[in-house]
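Open the model in your viewer and get ready to select a few things in turn. We begin with the whole chain and then zoom in.

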Amino acid sequence: MTYDEAKKKILIKWLVGAPVIVATSLSSAVSALKMFYFGLDSGDQLSSAIALPIKRLVYLIYENTHFLEFFWKHSPTPTPKELFANSNIAFFVIYLCIFFGMASVGSARSLSARLAEIDKEIENELIRESVKGNAPRRRQEIQEQVSVPKPGWLSQIHTLYLAPIVVGVVVAVIAKLSGLV
């Protein structure tokens, strides 16, 4: 991949990854709030007493986030007691999209860092050529000769595989301790 192709790839990865992270994070947060609002109260007096302040907090958040109306209407409400319900599957798909967005942005960052190093080397090469007294090449000529290696998918293994598992285990423990499961 050439220097200019790498710059375009960085831009595309940012433009794809950042909106995916924002939208899926908002949807996941709203889904979690809806799950707490609708699923926390099991009907007995103790759970109603515990759920009431949480329900009030979720309602307060709902009332003050009218700009998120789309997410409040369309985000799935997970049901922890039914693991393979359609709403749970939709929630997990949306949740996993967060990590694909993070992988895209992370890949753009690493490629951007690699290009920064290449820029330094190009500057050093221009300085060396001017010190030697040779006719210095233009920056564009050197950039056209540079070949940027493509980052492998294994470099994103933490973001794509380990992070969702760790976060999922933490959420499962919290759900178990709060009595949702």
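**The whole chain**

Show the chain as a cartoon and read along the sequence: the pattern is α-α-α-α-α-α. That makes 6 helices and 0 strands. Keep in mind that this is a predicted model.

Now rotate the chain. How far does the C-alpha trace span along its principal axes? The answer is about 85 × 35 × 25 Å. The radius of gyration tells a matching story: the chain has 24 Å, but a compact globule of 181 residues would have a value near 16 Å.

Switch on the surface. The chain exposes about 12000 Å². Carbon and sulfur atoms supply 68% of that area. Buried residues make up 28% of the 181 residues.

Next, colour by charge. There are 19 positive and 15 negative charges in the chain. Their mean positions are 3 Å apart.

**Helix H4**

Select residues 86-132. This is helix H4, with 47 residues. Why should helix H4 span 69 Å? The reasoning uses 1.5 Å a residue, and the expected span is 1.5 Å times one less than the number of residues. Pick the end C-alpha atoms of H4: they are 69 Å apart, which agrees.

Step just past the helix. Gly 133 comes just after H4 and takes a positive phi of about 90°.

**Ser 104**

Go back into helix H4 and select Ser 104. Is Ser 104 buried or exposed? Its relative accessibility is 17%, so Ser 104 counts as buried; the cut-off for buried is under 20%.

Show what surrounds it. Leaving aside neighbours within four places in sequence, Ser 104 is in contact with Lys 13 and Gly 17.

Now pick Leu 57 as well. Ser 104 and Leu 57 are 47 residues apart in sequence. In space, C-alpha to C-alpha, they are 34 Å apart.

**Ser 28**

Move to helix H1, residues 3-39, and select Ser 28 there. Ser 28 has a relative accessible area of 8%, and is therefore buried.

Which residues does Ser 28 touch, not counting those up to four places away in sequence? They are Phe 91, Ile 94, Tyr 95 and Ile 98. Show their side chains beside Ser 28.

**Last look**

Zoom out and think about contacts over the whole chain. Take those between residues at least 6 apart in sequence: 70% of them join residues at least 24 apart.

Terms used: Residues numbered from 1 in each chain as written. Predicted model: local features only at pLDDT ≥ 70, side-chain atom pairs only at ≥ 80, totals over all residues. Heavy atoms only, no water. Helix = DSSP H or I, 4+ residues; strand = E, 2+ residues; numbered from the N terminus. Rg over C-alpha atoms; globule rule 2.2 N^0.38 Å. Buried < 20%, exposed > 50% of the residue type's maximum accessible area, 1.4 Å probe, protein only. Contact = heavy atoms within 4.5 Å. Areas by Shrake-Rupley, 256 points an atom, 1.4 Å probe, with all protein chains shown as cover. Lys, Arg positive; Asp, Glu negative; His and termini not counted. Charge placed at Lys NZ, Arg CZ, Asp CG, Glu CD.
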